Amino acid sequence: MAKTLAKSPAKAKLSRAFPTLALEIVLIESGGGPVCGVDEAGRGPWAGPVSAGAVILNPDDLPSGIDDSKALTHARREALEIEIKARAVAWGVGFASVEEIDDLNILHATGLAMRRAIEALSVTPVAALVDGSYRFKLPCAVQTVVKGDSLSLSIAAASILAKTARDRLMVALDAEYPGYGFAGHKGYNAPVHSQALRTLGPCPAHRRSWAPIRALRET
């Protein structure tokens, strides 16, 4: 009888597909111009802005090790951020504030952050590869890519810039509004965050439209 052998963790990791420039090449050839990858960070937290990154990579000068930001350590993300900014054709980062999130809702605020990231590019792209399935209205043609940060190098690079930029901002907010632990959990749901909210109440960095924050304000 044939046996099915389980893959070791090391082999499983090696068999995982890593992002490439295949999607970018197709769009460049069809559109005749530069293509950027776009991704966001911070859609789910209770506090802080949502951020987005946009990156046009240079195929002849790619930093080694670009991957989905969630698959990288903090130190590796910071090192790659420096390399991406130094070697990319163009890069941009955009934010949508807590007030904009509460006013527009998180989906439309995410689109606003993405638009700002693309507008910050020093080179105008003809198209954008955007992580996810929602087709945001952006300053160029859009192709959505589900799990794009694990398939497209440009999207993965954008995810790194969005994550590192937002993390730094949350550390700054931790100093401005001490006691909530923003530097650690970056505004997400965490026991220390929940306890601080019960003790201190929400601060200006909190998303007032979020159900847990709204419930505290109504008690």
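**Exercise 1. In this predicted model, find which residue lies over the face of Trp210.**

Start at the ring of Trp210 and look along its normal. The residue you hit is Arg207, which sits over the face at 4.9 Å from the ring centre. For an Arg, the CZ atom has to be within 6 Å of the ring centre, so this pair makes the distance cut.

**Exercise 2. Work out how many aromatic pairs the whole structure holds, and what the geometry of Tyr180 and Phe182 is.**

Step one: a search of the whole structure turns up two aromatic pairs. Step two: take Tyr180 with Phe182, where the ring centres are 5.4 Å apart and the planes make an angle of 10°. Step three: planes under 30 degrees apart count as stacked, so this pair is a stacked one. Last, check the surroundings. Tyr180 has a relative accessible area of 5% and Phe182 has 0%. Buried means under 20%, so Tyr180 is buried and Phe182 is too.

**Exercise 3. Sort out which residues of helix α8 are buried, which are exposed, and why the buried ones line one face.**

First, the span: α8 covers residues 191-200. Its buried residues are His193, Ser194, Ala196 and Leu197. Now look down the helix axis: these buried residues fall within an arc of 165°, so they line one face of α8. The general rule helps here: an α-helix has 3.6 residues a turn, so residues three or four places apart point the same way. Then flip to the other side of α8, where Pro191, Arg198 and Thr199 are exposed. Finally, step past the end of the helix: Gly201 follows α8, and its phi is positive, near 80°.

**Exercise 4. Describe the largest pocket: how much space lies in it, and what lines it?**

Begin with volume: the largest pocket holds about 190 Å³ of space. Next, count the lining, which comes to 15 residues. Nearest the pocket centre are Glu40, Ala41, Ser69, Lys70 and Lys163. Then assign elements: β1 (35-41) and α6 (153-176) each give at least two lining residues, with α6 supplying the largest share, four. By class, the lining has 10 charged residues, three polar and two nonpolar.

**Exercise 5. Locate Pro59 and decide whether Pro59 is buried or exposed.**

Go to the loop between β2 (50-56) and α3 (74-87), where Pro59 has its place. Its relative accessible area is 53%; exposed means over 50%, so Pro59 is exposed. Now compare chain and space: Glu24 is 35 residues away along the chain, and the C-alpha atoms of Pro59 and Glu24 are separated by 9.7 Å.

Terms used:
Residues numbered from 1 in each chain as written. Predicted model: local features only at pLDDT ≥ 70, side-chain atom pairs only at ≥ 80, totals over all residues. Heavy atoms only, no water. 1 Å grid on protein atoms, 1.4 Å probe; cavity = no way out; pocket = protein on both sides within 12 Å on 5 of 7 lines; lining within 4 Å. Points joined across faces, edges and corners; volume = space filled by probe spheres on them. Nonpolar A, V, L, I, M, F, W, Y, C, P; charged D, E, K, R; others polar. Phe/Tyr/Trp six-rings, centres within 6.5 Å; stacked < 30°, edge-to-face > 60°. Buried < 20%, exposed > 50% of the residue type's maximum accessible area, 1.4 Å probe, protein only. Lys NZ or Arg CZ within 6 Å of the ring centre and 35° of its normal. Arc of directions from axis to C-beta.
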